[in-house]
Amino acid sequence: MLEKMEVLDVGKVIEEFEAMTKDAGNVQRETLKKILEENGSAEYLQNLGLNGRTDPESFKTCVPIVTHKDLEPYIQRIADGASSPILTGKPITTISLSSGTTQGKPKFVPFNDELMETTLQIYRTSYAFRNRQFPIENGKALQFIYSSKQSKTKGGLFTGTATTNVFRNSQFKNAMNAMQSQCCSPDEVIFGPDFHQSLYCHLLCGLIFREEIQLVFSTFAHSIVHAFRTFEQVWEELCADIREGVLTSRIAFPSVRLAMAKLLKPNPELADLIHKKCSGLSNWYGLIPALFPNVKYIYGIMTGSMEPYLQKLRHYAGDLPLLSADYGSSEGWIGANVNPNVPPELATYVVLPNIGYFEFIPLKENVEEHVQDKVNASLLSMKPKPVGLTAVKVGEEYEVIITSVAGLYRYRLGDVVRVMGFHNSSPELKFVCRRNLMLTINIDKNTEKDLQLAVEEAAKLIAEQKMEVVDFSSHVDSSTDPGHYVIFWEISGEVSDEVLKECCNCLDRSFVDAGYVSSRKVNAIGPLELRVVRWGTFQKILDHYVGLGAALSQFKTPRCIGPTNNGVLQILCDNVANSYFSTGF
């Protein structure tokens with residue numbers, strides 16, 4: 001007999017959240033006090049002369065604002081096995097690897113039980129509000145989650161991606177069960193050594209339990225789109241497996257085959273039904289509700305660099321709502337989405353004042369610095385004047401500084417957010433962009449969002465031919481004089497040279513930043529170049545990162561390839577099919 005599962009008390013979670021956000025200022029002071037008391041013995045804090053003080057004023061006076069580079073030597077010593085308290089009072093036993101898609105290589109970030117608890121608190125909070133709007137019954141979730149390889153550092157600490165450390169934590173599965181979001185795939189699939197094989201098995205498990213699936217989830221929207229693009233290629237093979245009750249030979253790992261054999265039984269009726277559903281679709285529109293009739297919504301991070309995938313995700317989702325997941329990073333969580341019925345493009349995140357201590361650098365004061373900025377050197381050397389959580393102003397943009405429960409103090413996250421309002425006394429943030437993902441040559445300054453808008457505008461020209469931009473990236477080519485922007489596109493089919501030339505002109509004209517436009521007009525920046533890459537190029541980039549130890553769950557296509565990211569730039573350049581230069585100016 002199944003033991004009775006404990007279901008999360010959503011009313012209680014919401015009540016606690018409301019109480020906490022009504023008193024955000026005091027909760028922040030108490031949170032900082034707790035972090036500093038628990039970690040007062042750490043070498044890093046000892047050396048800064050806090051001498052046991054835990055008030056925000058002393059903290060800001062003594063502790064400098066830092067980047068990852070500043071903390072790298074300390075984190076490396078922890079990874080190498082130093083036994084003394086360095087960044088935290090209690091020993092760090094696990095290291096998270098960031099996705100590595102921003103800088104080209106993963107960063108080491110401390111991970112501990114306290115950070116895991118903040119993760120679960122964010123999950124519980126957003127689930128409580130989500131379930132009030134879109135209640136799910138006790139079913140299963142089709143979760144496209146993957147664990148990368150966990151290895152050990154020189155000092156014997158476990159290291160893996162942040163998502164891997166979460167998925168491998170014993171509390172994760174209990175939390176998913178309490179939120180009635182139990183993964184339909186066995187652990188052997190989630191922790192399988194090959195993500196291609198795991199993805200196939202996730203799809204197969206979803207089909208086997210199709211009537212019980214209540215929601216479709218992955219950490220990022222990209223993974224969901226990738227999964228159903230893959231489904232388009234393998235659906236007949238999946239049907240054959242279900243019909244015969246025998247797993248395809250493409251799944252090679254014995255542990256995965258054994259786990260799947262327990263679920264897979266011959267079911268010709270189900271195979272016929274899926275075949276009929278797929279054959280009846282027009283260009284795969286509404287694929288997800290056709291396969292999973294009881295799904296209530298699709299859930300994952302859909303903001304920032306994930307927004308370009310929303311159009312394709314909506315195509316697969318049909319009328320199903322898309323719900324954007326919460327706001328955080330490998331370094332720590334920031335806010336929960338408590339307005340789930342808002343479209344992802346408008347999603348905001350309320351900061352939970354007890355999961356870290358937050359400060360915000362106002363950006364409007366640094367406009368002049370923005371213009372002078374070259375590859376962020378001056379940006380990181382400026383002396384910012386941050387404000388506290390409750391002192392931010394609606395409509396203003398800020399860079400986020402986090403003091404985490406895992407040994408990061410006044411750490412520049414590199415994210416730009418806009419304050420959209422307040423939930424009680426805690427701000428509602430909208431993610432704008434990453435600060436260091438900028439296209440800049442002269443006095444121009446184009447962010448990831450500017451790039452996305454330009455691509456969306458130009459992509460309308462190929463949409464008229466029923467084509468789409470599968471994925472895209474960019475690069476500043478300084479080898480030419482003057483330097484120029486390079487935009488890489490992967491397209492879903494053949495498009496004429498004439499149309500692609502117009503796309504190139506449209507891209508060039510769609511960067512409306514005053515510095516860019518004026519530089520183009522006087523030829524201080526050369527004509528934009530559109531390079532169309534071969535089908536499957538961005539899959540090679542994904543494979544490249546997975547080969548470096550990244551998890552598919554955590555993968556984000558790098559939107560701006562910097563000078564340190566030679567591996568990815570080489571993949572793109574080696575796969576260029578056609579190149580076009582703008583005549584737009």
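**Close-up views of a predicted protein chain**

**Figure 1. Overall fold of the predicted model, with the contacts and dimensions of the protein chain****.** Of the contacts in the protein chain with a separation of 6 or more, 73% are between residues 24 or more positions apart. The model shown here and in the views that follow is predicted. Its secondary structure comes to 22 helices and 22 strands, and the radius of gyration of the protein chain, 24 Å, is close to the 25 Å that the globule rule gives for 585 residues, so the chain is as compact as a globular protein of that length. The C-alpha trace spans about 70 × 70 × 45 Å along its principal axes. Of the 585 residues, 58% count as buried, while the protein chain exposes about 24,200 Å², of which carbon and sulfur atoms supply 52%. The side chains include 58 positive and 67 negative ones, and the centres of these two sets lie 2 Å apart.

**Figure 2. The salt bridge between Arg314 and Glu345****.** A search of the whole structure finds 20 salt bridges, and one of them is formed by Arg314 with Glu345, whose closest N and O atoms are 2.8 Å apart. Because Arg314 lies in helix α15 (residues 310-317) and Glu345 in the loop between β11 (332-336) and β12 (349-351), the pair ties together parts that are 31 residues apart in sequence. Both ends of this bridge can be placed by accessibility: Arg314 is partly exposed, with a relative accessible area of 33%, and Glu345 is likewise partly exposed, with a relative accessible area of 28%.

**Figure 3. Salt bridges of Arg531 with Asp477 and with Glu529****.** The side chains of Arg531 and Asp477 meet in a salt bridge with an N to O distance of 3.7 Å. This pair links distant parts of the chain, since Arg531 belongs to strand β20 (residues 529-533) and Asp477 to strand β18 (residues 469-477), 54 residues apart. Both Arg531 and Asp477 are buried. The side chain of Arg531 also meets that of Glu529 in a salt bridge, here at 2.9 Å from N to O, and both Glu529 and Arg531 are buried.

**Figure 4. The salt-bridge network of Arg229, Lys312 and Glu468****.** Salt bridges that share partners join Arg229, Lys312 and Glu468 into one network. Glu468 is found in the loop between α18 (448-463) and β18, where it is partly exposed, with a relative accessible area of 25%. Not counting residues up to four places away in sequence, Glu468 touches Arg229, Lys312, Ile462, Glu490, Ile491 and Ser492. The C-alpha atoms of Glu468 and Val495, which are 27 residues apart along the chain, are separated by 10.0 Å.

**Figure 5. The surroundings of Leu313 in helix α15****.** Leu313 lies in helix α15 and is buried, with a relative accessible area of 0%. When residues up to four places away in sequence are not counted, Leu313 touches Ala221, Ile224, Val225, Ile298, Met302 and Leu322. One of these residues, Ile224, is 89 residues apart from Leu313 along the chain, and the C-alpha atoms of the two are separated by 7.5 Å.

**Figure 6. Two loop residues with positive phi, Trp284 and Asn424****.** Most residues other than glycine have a negative phi. Trp284, although it is not a glycine, has a positive phi of about 65°; its place is in the loop between α13 (268-279) and α14 (287-291), and Trp284 is buried, with a relative accessible area of 14%. Asn424, also not a glycine, has a positive phi of about 55°. The place of Asn424 is in the loop between β16 (411-423) and β17 (426-434), and at 37% relative accessibility Asn424 counts as partly exposed.

**Figure 7. The loop residue Lys364 and its separation from Gly89****.** Lys364 lies in the loop between β13 (357-362) and α16 (367-372), and with a relative accessible area of 54% Lys364 is exposed. Gly89 is 275 residues apart from Lys364 along the chain, and the C-alpha atoms of these two residues are separated by 37 Å.

How values were computed. Residues are numbered from 1 along each chain as its sequence is written. This is a predicted model: local features need pLDDT of at least 70, side-chain atom pairs count only at pLDDT 80 or more; totals for chains, interfaces and linings use all residues. Side-chain values use heavy atoms; hydrogens and water are left out. A salt bridge is a side-chain nitrogen of Lys or Arg within 4 Å of a carboxyl oxygen of Asp or Glu. Helices (H or I, at least four residues) and strands (E, at least two) are DSSP runs, numbered from the N terminus. Buried means under 20% relative accessible area, exposed over 50%, partly exposed in between (1.4 Å probe, protein chains only). The radius of gyration is taken over C-alpha atoms; the globule rule is 2.2 Å times the number of residues to the power 0.38. Contact means heavy atoms within 4.5 Å. Accessible areas come from the Shrake-Rupley method with a 1.4 Å probe; for residues, only the protein chains shown count as cover. Lys and Arg count as positive and Asp and Glu as negative; His and the chain ends are not counted. The place of a charge is taken as NZ of Lys, CZ of Arg, CG of Asp or CD of Glu.
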